[in-house]
Amino acid sequence: MPTWVLKCPNCQREFAHAKIDDTKIEDYLFPVKPAFPVLGLAIKCLHCGHEATYKRNELVCRA
Ligand SMILES: [Zn+2]
């Protein structure tokens, strides 16, 4: 299942933020990014525990 990932600025590794619903072909071809607060969202890295504030445009789609 395709997934939105974020890259940790501390350990430089990617971690999954949200799964993309690919049951509908239009969601698969044109996935809509999950909503983010305008000021960003503080999320802890799943690998190193580093908390960083991410913006919506930092989401990257991984198949
Ligand atoms: Zn990290």
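In the predicted model, the accessible surface of the protein chain amounts to about 4,500 Å², and 55% of this area belongs to carbon and sulfur atoms. Of the 63 residues of the chain, 25% count as buried. Along the principal axes, the C-alpha atoms fill a box of roughly 35 × 25 × 10 Å. The charged side chains comprise 9 positive and 7 negative charges, and the mean positions of these two groups are 7 Å apart.

The secondary structure of the protein chain consists of one helix and five strands, which follow one another along the sequence in the pattern β-β-α-β-β-β. Among the contacts in the chain with a separation of 6 or more, 47% are accounted for by residues that lie 24 or more positions apart.

A zinc ion is bound by four protein donors, namely the SG atoms of Cys8, Cys11, Cys45 and Cys48, which lie 2.3 to 2.4 Å from the metal. The angles among the four donor atoms are 107 to 115 degrees, and the site is accordingly classed as tetrahedral, a class that requires all angles to lie between 85 and 135 degrees. In sequence, the donor residues are spaced C-x2-C-x33-C-x2-C. Because Cys8 lies in the loop between strand S1 (3–7) and strand S2 (14–19), whereas Cys48 lies in the loop between strand S3 (41–44) and strand S4 (51–54), this pair ties together parts of the chain that are 40 residues apart in sequence.

The two cysteines of this pair can also be described by their accessibility. Cys8 has a relative accessibility of 0% and therefore counts as buried, a term applied to residues under 20% relative accessible area. Cys48, by contrast, has a relative accessible area of 36% and is partly exposed. These values take only the protein chains as cover, so the zinc ion itself does not contribute to the burial of Cys8 in this calculation.

A further position examined was Asp21, which is found in the loop between S2 and helix H1 (25–29). With a relative accessibility of 40%, Asp21 counts as partly exposed. Asp21 and Pro31 are separated by ten residues in sequence, and the distance between their C-alpha atoms is 8.1 Å.

Methods:
Residues numbered from 1 in each chain as written. Predicted model: local features only at pLDDT ≥ 70, side-chain atom pairs only at ≥ 80, totals over all residues. Heavy atoms only, no water. Helix = DSSP H or I, 4+ residues; strand = E, 2+ residues; numbered from the N terminus. Buried < 20%, exposed > 50% of the residue type's maximum accessible area, 1.4 Å probe, protein only. Contact = heavy atoms within 4.5 Å. Areas by Shrake-Rupley, 256 points an atom, 1.4 Å probe, with all protein chains shown as cover. Lys, Arg positive; Asp, Glu negative; His and termini not counted. Charge placed at Lys NZ, Arg CZ, Asp CG, Glu CD. Donors = N, O, S within 2.8 Å, 3.2 Å for Na, K, Ca; no water. Tetrahedral: all angles 85-135°; square planar, octahedral: opposite > 155°, others 65-115°.
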